[in-house]
Amino acid sequence: MITEIEILPGILSERETILRNTFLDHTKIIPQGERIKLCIQCGTCTASCPLSYAMDITPRKLIALFRAGDMESILKSRTIWICASCYTCQTRCPSQIKVTDILYALKRTAMEKKILNTSIPTYALSQSFMKSIYKYGRLNEPRLIIKFIMKTGFWKIFNMIPLGIRMLKKNRIKFSAEKIKGITDLRKIMVKAETFDMPIEKEFPAYMPEAVGYKSIS
Amino acid sequence: MKYAYYPGCSLHSVNKSYDQSCKAVFNNLNCELTELEDWNCCGATIYMSIKEITALAVAARNLALAEKLGCDIVTPCSSCYTILNKANRYLKYNEEVFEKVNLCLKEANLTYNGTIRVRHPLDILVNDIGIEVIKLNIKIPLYGLKIANYYGCQIVRPEKGFDDRENPMSMENLFESLGAKEIYFPYKLRCCGGMLMTTFQNASLKLSKEILECAVENGADCIATTCPLCQMNLEGYQNKINKMYGTEFKMPILFFTQILGVALGIDKKELGLENNFYKCEKLEELFISSSKQNELTTAG
């Protein structure tokens with residue numbers, strides 16, 4: 001087991017405490033998720049990340065901010081929505097921190113607490129994706145893309161037309177969705193699973209600039 | 001050996017050629033693939049990152065169905081491979097998760113005990129069937145074909161699977177034994193951008209461009225890939241990359257099963273080579289020269 005090496009430098013605000021605890025709850029499901037406490041700030045994750053150039057908070061900084069008691073900034077960042085899940089950081093981390101899985105936990109925390117950065121519409125894509133699985137049990141990629149575009153700005157469809165035509169020519173598009181036979185069973189499984197996932201509704205304190213980070217004790 | 005074959009959604013819609021070629025290759029090598037009956041979407045990376053227990057339960061339904069058949073599950077799709085593997089690992093690691101997921105599966109009269117493995121066709125070809133056996137079945141040797149072996153992200157990472165995580169060699173060993181020429185291709189594990197192609201296209205185009213550039217610089221005739229999403233990103237968006245960066249890429253991106261299928265002498269149609277956007281000229285040459293040789297031998 002990992003011993004608690006974290007020494008709290010001060011007192012966290014109510015909002016930060018809730019965010020931090022929700023996040024730590026989400027990491028519990030990850031095998032060895034608690035290793036986040038063992039970060040040595042070497043920056044291997046940031047250096048390995050092919051997308052770190054496009055991030056506002058790099059993976060190393062993200063863990064530093066977590067330590068500094070600033071979950072608010074982490075959850076507002078576009079970083080957690082940019083990650084393409086290539087797992088390079090997780091493979092190379094000398095402290096064996098499950099960086100990619102930690103980013104997933106952050107996504108879930110952000111969604112649960114409705115702190116969403118809308119500049120990268122990954123959330124909208126996820127919603128369309130989930131509906132599709134619930135409806136058919138399988139996914140039809142062209143339909144998913146069209147639905148997603150309709151949701152996020154229909155003018156983007158014009159950008160897709162050349163590729164669409166080329167794909168039709170090569171016989172690579174099929175619009176009819178496959179529905180599985182056991183769809184009712186699958187829905188039962190999903191409904192049951194949702195009952196485990198239900199977030200506990202509590203009064204969530206509003207964001208105030210001074211409510212971020214540890215308050216130092218004088 | 002018997003395997004439960006799990007194609008995944010992508011192989012049933014956009015990337016049918018991967019599905020066809022995979023089945024054809026295994027058929028040719030007398031290895032039985034039985035498609036898992038009534039499989040459902042594994043949930044992919046997207047679902048896993050937003051609703052964990054639900055995603056695990058959705059993936060576990062497939063594992064439970066395969067366990068019923070009593071054989072390992074084989075999936076050619078990289079994303080399905082990681083997700084099913086991940087579900088398997090999480091269930092074994094955490095008892096609480098294991099119980100919860102089994103409670104969900106009970107709703108559909110299924111149980112999962114965690115006795116099967118999730119595997120990739122490349123793993124089976126190289127480690128179960130063996131390169132030596134494949135070599136015996138070769139009809140058209142790939143002499144002189146320069147292949148950039150592109151593994152992508154999710155079949156070698158995050159946990160150590162059938163190959164090394166920093167320098168996998170399965171595809172190189174396989175194709176070299178069939179006569180292909182090895183080229184220097186350091187970007188074989190670099191991310192192509194994945195699903196970012198729909199949500200954050202500029203970043204993804206940049207990553208894909210770097211991979212294509214690396215292959216062109218090192219003189220590759222084609223890129224062999226194991227991932228349906230990488231194939232789509234690298235080939236389907238090549239026009240857009242050319243427009244954006246002023247490049248002139250015309251790089252054919254083939255599934256590794258398609259190249260292997262050609263070497264095994266399987267018909268072009270069966271491998272779905274016509275569904276690819278770019279023709280690999282070198283591969284066509286090999287076809288023509290081998291058919292000429294056949295004519296000569298039958299005539300002589």
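Start in chain B of this predicted model: select B:Ile147 and then B:Glu182, its bridge partner in strand S6(B). Widen the selection to strand S5, residues 146–150 of chain B, and to S6(B), residues 181–182. The two strands run parallel and are joined by 2 bridges. Now look at what surrounds S5(B). Of its 5 residues, 4 are buried, so the strand is largely enclosed by the rest of the structure.

**From S5(B) to a cis peptide**

Follow the chain to B:Pro158, in the loop between S5 and helix H8 (170–177) of chain B. The peptide bond joining B:Arg157 and B:Pro158 is cis, with omega of about 0°.

**The four-stranded sheet of chain B**

Next, show the strands S2, S1, S3 and S4 of chain B. They form an open sheet in the order S2-S1-S3-S4, with parallel pairing. Strand S2 (32–35) and strand S4 (118–119) of chain B are the edge strands, each pairing on one side only. As for how such strands are held together, pairing goes through backbone hydrogen bonds, either parallel or antiparallel. Zoom in on strand S3, residues 73–74 of chain B, which pairs with S4(B) in the parallel sense over 2 bridges. To find one of the contacts by residue, select B:Ile73, whose bridge partner in S4(B) is B:Val118.

**A helix pair in chain B**

Select residues 16–28 and 256–263 of chain B, which are helix H2 and helix H13. Their axes come within 8 Å and cross at roughly 40°. An angle of that kind lies outside the parallel range, which ends at 35 degrees, and below the perpendicular range, which begins at 65; H2(B) and H13(B) are therefore oblique to each other. The crossing is left-handed. For the contact itself, display B:Ser17, B:Tyr18, B:Ser21, B:Cys22, B:Ala24 and B:Val25 on the H2(B) side. On the H13(B) side, display B:Thr257, B:Gln258, B:Leu260 and B:Gly261. Coloured by class, these residues divide into 5 nonpolar and 5 polar, with no charged residue.

**B:Arg89, with a neighbour in chain A**

Move to B:Arg89 in helix H5, residues 78–93 of chain B. Is B:Arg89 buried, exposed or partly exposed? It has 15 C-beta neighbours inside 10 Å and so counts as partly exposed, since the buried class begins at 20 and the exposed class ends at 12. Leaving aside residues up to four places away in sequence, B:Arg89 touches A:Pro31 and B:Glu159. As a distance check, draw a line from its C-alpha atom to that of B:Lys100, 11 residues along the chain: the separation is 15 Å.

**Chain A as a whole**

Hide chain B for a moment. Chain A has 11 helices and 2 strands, and along the sequence it reads β-α-α-α-α-α-α-α-α-α-α-α-β. Its C-alpha atoms fill a box of roughly 70 × 40 × 35 Å along the principal axes. Of the 218 residues in chain A, 39% are buried. Among contacts between residues at least 6 apart in sequence, 70% join residues at least 24 apart.

**A helix pair in chain A**

Select helix H1, residues 14–27 of chain A, together with H7(A). They pack at an angle of about 135° with their axes 9 Å apart, which makes H1(A) oblique to H7(A). H1(A) passes H7(A) in a right-handed crossing. From H1(A), show A:Leu19, A:Thr22, A:Phe23, A:His26 and A:Thr27; from H7(A), show A:Ile102, A:Ala105, A:Leu106, A:Arg108, A:Thr109 and A:Glu112. By class, the contact holds 5 nonpolar, 4 polar and 2 charged residues.

**Two loop residues with positive phi**

Go to A:Ser85, in the loop between helix H5 (79–82) and H6 of chain A. It is not a glycine, yet its phi is positive, about 60°. With 24 other C-beta atoms within 10 Å, A:Ser85 is buried. Then select A:Lys114, in the loop between H7 and H8 of chain A. This residue, also not a glycine, has a positive phi of about 55°. A:Lys114 is exposed, with 8 other C-beta atoms within 10 Å.

**The interface**

Finally, bring chain B back. Here 55 residues of chain A are in contact with 52 residues of chain B. Helices H6, H7, H8, H9, H10 and H11 of chain A each supply at least two residues of the chain A side. Which helix gives the most to that side? H11(A) does, with 10 residues. The side of chain A that touches chain B has 29 nonpolar, 11 polar and 15 charged residues.

Technical notes. Residues are numbered from 1 along each chain as its sequence is written. Chains are lettered from A and ligands numbered from 1 in the order in which they are written. This is a predicted model: local features need pLDDT of at least 70, side-chain atom pairs count only at pLDDT 80 or more; totals for chains, interfaces and linings use all residues. Two residues are in contact if their C-beta atoms, placed from the backbone, lie within 7 Å. Ala, Val, Leu, Ile, Met, Phe, Trp, Tyr, Cys and Pro count as nonpolar, Asp, Glu, Lys and Arg as charged, and the others, Gly among them, as polar. Axes are lines fitted to C-alpha atoms, for helices over the stretch in contact, and angles run from 0 to 180 degrees between N-to-C directions. Angles under 35 degrees count as roughly parallel, over 145 as roughly antiparallel, 65 to 115 as roughly perpendicular and the rest as oblique. A crossing is left-handed if the near helix is turned anticlockwise from the far one by less than a right angle, and right-handed if clockwise. Two strands pair if DSSP finds at least two bridges between them.
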